[in-house]
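Subject: A structure for you to look at

Hi there,

Here is the structure I promised to pass on to you. Please open it in your viewer and keep it next to this email while you read.

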Amino acid sequence: GANRLASNSVTEAAFFGAVAAQHALSELPSGDVVTEGMPTWQSGTAVRSKDEVLVAHHWEEVRRLMWNLVGIARSAERLLMAKRRIELIQQEIHKYYWHYFVTMDLLELRNIALVAEVMIASALKREESRGSHYRLDFPGLAPLSPALPPASPPQQP
């Protein structure tokens with residue numbers, strides 16, 4: 001999954017994002033910029049962080065726990081451990097987000113922690129081994145649902 005995301009999916013997302021943006025702009029009356037109803041950013045009582053190593057530390061921690069606990073070989077025990085740790089990291093990110101100025105690194109960390117949370121939740125629901133992801137506690141394939149028949153091979157011309 002990560003290799004596909006690093007190649008095709010990122011390119012497709014960038015391309016279709018640009019197409020969507022061009023379409024949205026073409027729908028605006030010429031020269032108009034949409035700012036109505038958009039309040040000016042207020043930083044409240046946030047201050048500049050004097051210890052930005054915390055963001056880098058959490059980023060590295062998310063990367064390592066996803067590799068070690070949510071990688072190719074998974075188990076409920078590993079996934080639940082990763083889930084608890086991601087929840088704690090997200091609490092720390094939330095606190096950091098409201099106390100310090102927002103940076104691109106912090107936004108990236110917040111986003112990867114959210115993606116990690118979704119991946120862990122999905123992996124916990126899949127109680128089978130399929131494709132390149134092996135569940136140590138569910139080594140076999142689950143039966144296919146009657147609502148989702150197996151895909152037919154493409155027809156040769």
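Below is a short tour of what turned up in it.

Before you start, please keep in mind that this is a predicted model.

**The overall layout**

The protein has 157 residues, and 18% of them count as buried. Its secondary structure is made up of four helices and two strands. If you follow the chain from the N terminus, the elements come in the order α-α-β-α-α-β. Helix 1 covers residues 2-27 and helix 2 covers residues 53-69, with a loop between them. Further along, strand 1 (73-74) and helix 3 (76-99) are joined by another loop. Strand 2 consists of residues 134-135.

**Salt bridges**

Now for the charged side chains. Side chains of opposite charge can pair when their charged atoms come close. In this model, the count of salt bridges comes to five.

A good one to look up is the pair of glutamate 61 and arginine 85, whose closest N and O atoms are 2.4 Å apart. Glutamate 61 belongs to helix 2 and arginine 85 to helix 3, so this salt bridge ties together parts of the chain that are 24 residues apart in sequence. Are the two partners buried or partly exposed? Glutamate 61 has a relative accessible area of 19%, so it counts as buried, because the cut-off for buried is under 20%. Arginine 85, with 23%, is partly exposed.

Next, find glutamate 87 and lysine 83, whose side chains meet in a salt bridge with 3.0 Å from N to O. Both residues sit in helix 3, four residues apart, which means that about one helical turn separates them. Glutamate 87 is partly exposed at 34% relative accessibility, and lysine 83 is partly exposed too, at 36%.

Then there is the salt bridge between arginine 135 and aspartate 137, at 2.9 Å from N to O. Arginine 135 is buried, with a relative accessible area of 3%, whereas aspartate 137 is partly exposed at 33%. Elsewhere, Glu60, Arg63 and Arg64 are joined into one network by salt bridges that share partners.

**A second look at arginine 135**

Please stay with arginine 135 for a moment. This residue lies in strand 2. What else does its side chain meet, besides aspartate 137? A polar atom of the arginine 135 side chain lies 2.8 Å from the backbone oxygen of arginine 126. The link to aspartate 137 also appears as a polar contact of 2.9 Å between the two side chains.

**Two serines in loops**

Serine 75 is in the loop between strand 1 and helix 3. With 10% relative accessibility, this serine counts as buried. A polar atom of its side chain lies 3.2 Å from the backbone nitrogen of arginine 78.

Serine 49 is in the loop between helix 1 and helix 2, and it is buried as well, with a relative accessible area of 12%. How far is the C-alpha atom of serine 49 from that of tyrosine 100? The answer is 5.6 Å, although the two residues are 51 residues apart along the chain.

**Patches on the surface**

Finally, turn to the outside of the protein. Phe15, Phe16 and Val19 form a nonpolar patch on the surface, and together they have about 310 Å² of accessible area. Valine 19 belongs to helix 1 and is partly exposed, with a relative accessible area of 37%.

A negative patch on the surface is formed by Asp51, Glu52, Asp105 and Glu108. Glutamate 52 is in the loop between helix 1 and helix 2, and its relative accessible area of 42% makes it partly exposed.

**Where to start**

If you would like a first exercise, select glutamate 61 and arginine 85 and find the 2.4 Å between their closest N and O atoms. After that, try arginine 135 with its two neighbours in this email: the side chain of aspartate 137 and the backbone oxygen of arginine 126.

Enjoy exploring, and write back with any questions.

Best wishes

Notes
Residues are numbered from 1 along each chain as its sequence is written. This is a predicted model: local features need pLDDT of at least 70, side-chain atom pairs count only at pLDDT 80 or more; totals for chains, interfaces and linings use all residues. Side-chain values use heavy atoms; hydrogens and water are left out. Patches are made of residues with over 30% relative accessible area and no salt bridge: like charges are joined within 9 Å, nonpolar side chains (Val, Leu, Ile, Met, Phe, Trp, Tyr) within 5 Å. Accessible areas come from the Shrake-Rupley method with a 1.4 Å probe; for residues, only the protein chains shown count as cover. A salt bridge is a side-chain nitrogen of Lys or Arg within 4 Å of a carboxyl oxygen of Asp or Glu. Lys and Arg count as positive and Asp and Glu as negative; His and the chain ends are not counted. The place of a charge is taken as NZ of Lys, CZ of Arg, CG of Asp or CD of Glu. Buried means under 20% relative accessible area, exposed over 50%, partly exposed in between (1.4 Å probe, protein chains only). A polar contact is a pair of N or O atoms within 3.5 Å; within protein, one must be able to donate a hydrogen and the other to accept it, and residues adjacent in sequence count only if both atoms are side-chain atoms.
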